[in-house]
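Here is a quick tour for anyone meeting this protein for the first time. Take a look at the picture, then read on.

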Amino acid sequence: MGGKRKNREEEENNEIVEEEREVSANKKREILPSLIKNKQKRSAVHAKLKHEKKKEKKKKSKAREAAERRALELGEEPPPKPVPRTIENTREADETVCRPDDEELFAGNDADEFSSILKREATPKILITTCRFNSSRGPAFIKELLSVIPNAHYYKRGTYDLKKIVEYASKKEFTSLIVVHTNRREPDSLLIVGLPNGPTAHFKLSKLVLRKDIKNHGNPTTHMPELVLTNFTTRLGHRIGRMIQALFPQDPNFRGRRVVTFHNQRDFIFFRHHR
C-alpha cells in the first residue's frame, strides 16, 4: 500500500512539473514585440498579436450575441451587458465632494473674498500682464483673453516686480491680476491673483489653440458672456470655480448667445469660447 501511494504522489508531482514547464514554454513563445530588436520582425509580431486580439474579440461578441438570441427565444432575460472599465468608474469616492446640504460650505461662501462680486455688490476689473520676457505668441494669447474677459485691461510688464504690480493694481481698484508666463515662445502658465488679499492660483497651459488657428472661426461680440462651470464638485474645485466666476460680470446677456465654458475633468480644466 505504501509503495502504491508513493508512486501516485510521484506521478502527481511529475504532472505538476510538466504543466509548469508547458506554461513557461508558452510564456517564452509569447515574446513581446518591444523586446525584438529587428524592426521588420517586430512589426510582423505586433501585427500578428493585434490580429489575434481582434479575432478573439470578434469571437466573444459573436458568443454574446448568440446567448442574447437564445435567451430571447426561450423568453428569458438576456445576460447583462459588460461595463467597460474607465478611469471615471474605477476612481475611488472622494471624501471632499461638496454636498447640497453642507451648511458650513454655504456659510463660507458668504464670507469669502469673491462674495461681493458674485452678489453683484462690486464689478470685476481685471489687470492682465506678462512675465518679464514675453514671446511672439504671447500678445496673440493676451488679445484672446481681452476678448473673452469683459472689463480686462492689459499693462506692459517692463522691469517691475510682481509685488509692485500688485500694489499698483490694488490702488487702482482692480479685483484680479492675471500674469501670462511664457517659455520657448509659447504661453505655458497662468497666475491668477485675487486682490487685495488673495487667494493666488497657478495653472499650467497645454494644447493651446487660438481663435485664428481654427478654420472658419467666428468673431466674438461685445455681449456679456454666459459662464458655464461643470464638475467643480470638490472643496478645492468649488473654490477654484468661484475664483474663475469672480473674473466675469454676473449679468450675462443671453440674447448674444455668447458662452464661456470651463469643464473640469480628471484635474484638467478644458476651456471653450463659442456662440
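## Before we start

Two strands count as paired if DSSP finds at least two bridges between them. Keep that in mind, since bridge partners come up a lot below. Also note that what you're looking at is a predicted model.

## The whole chain

Let's begin with the big picture. The chain is built with seven helices and eight strands. Of its 275 residues, 27% count as buried. Its accessible surface adds up to about 21,500 Å², and carbon and sulfur atoms own 51% of that.

How do contacts spread along the sequence? Take those between residues at least 6 apart: 61% of them join residues at least 24 apart.

## A five-stranded sheet

Now for the sheet. Five strands line up in the order β2-β1-β3-β4-β5, making an open sheet with mixed pairing. At the edges you'll find β2 (152-154) and β5 (200-204); each has a single partner strand, so one side of each has no neighbour in the sheet. On average, neighbouring strands here are turned by 20° against each other, direction ignored.

As background, strands of a sheet pair through backbone hydrogen bonds, and they can do so in parallel or antiparallel fashion.

## Zooming in on β1

Strand β1 covers residues 126-130 and pairs with β2 in the parallel sense, over three bridges. Two of the partners in β2 are easy to look up: Leu-127 is bridged to His-153, and Ile-128 to Tyr-154. Turning to β3 (residues 176-183), five bridges join this strand to β1, and the two run parallel. Which residue of β3 is the bridge partner of Ile-128? That would be Ile-178.

Is β1 enclosed or open? Five of its five residues are buried, so β1 is largely enclosed by the rest of the structure. In a regular strand, side chains alternate between the two faces of the sheet. In β1, Ile-126, Ile-128 and Thr-130 point one way, while Leu-127 and Thr-129 point the other way, and all are buried.

## A nonpolar patch on the surface

Finally, a stop on the outside. Ile-31, Leu-32 and Leu-35 form a nonpolar surface patch, with about 320 Å² of accessible area together. Where does Ile-31 sit? Look in the loop between α1 (2-29) and α2 (39-74). Ile-31 has a relative accessible area of 46%, and the partly exposed class runs from 20% to 50%, so Ile-31 counts as partly exposed.

Conventions
Residues are numbered from 1 along each chain as its sequence is written. This is a predicted model: local features need pLDDT of at least 70, side-chain atom pairs count only at pLDDT 80 or more; totals for chains, interfaces and linings use all residues. Side-chain values use heavy atoms; hydrogens and water are left out. Patches are made of residues with over 30% relative accessible area and no salt bridge: like charges are joined within 9 Å, nonpolar side chains (Val, Leu, Ile, Met, Phe, Trp, Tyr) within 5 Å. Accessible areas come from the Shrake-Rupley method with a 1.4 Å probe; for residues, only the protein chains shown count as cover. A salt bridge is a side-chain nitrogen of Lys or Arg within 4 Å of a carboxyl oxygen of Asp or Glu. Helices (H or I, at least four residues) and strands (E, at least two) are DSSP runs, numbered from the N terminus. Buried means under 20% relative accessible area, exposed over 50%, partly exposed in between (1.4 Å probe, protein chains only). Axes are lines fitted to C-alpha atoms, for helices over the stretch in contact, and angles run from 0 to 180 degrees between N-to-C directions. Contact means heavy atoms within 4.5 Å.
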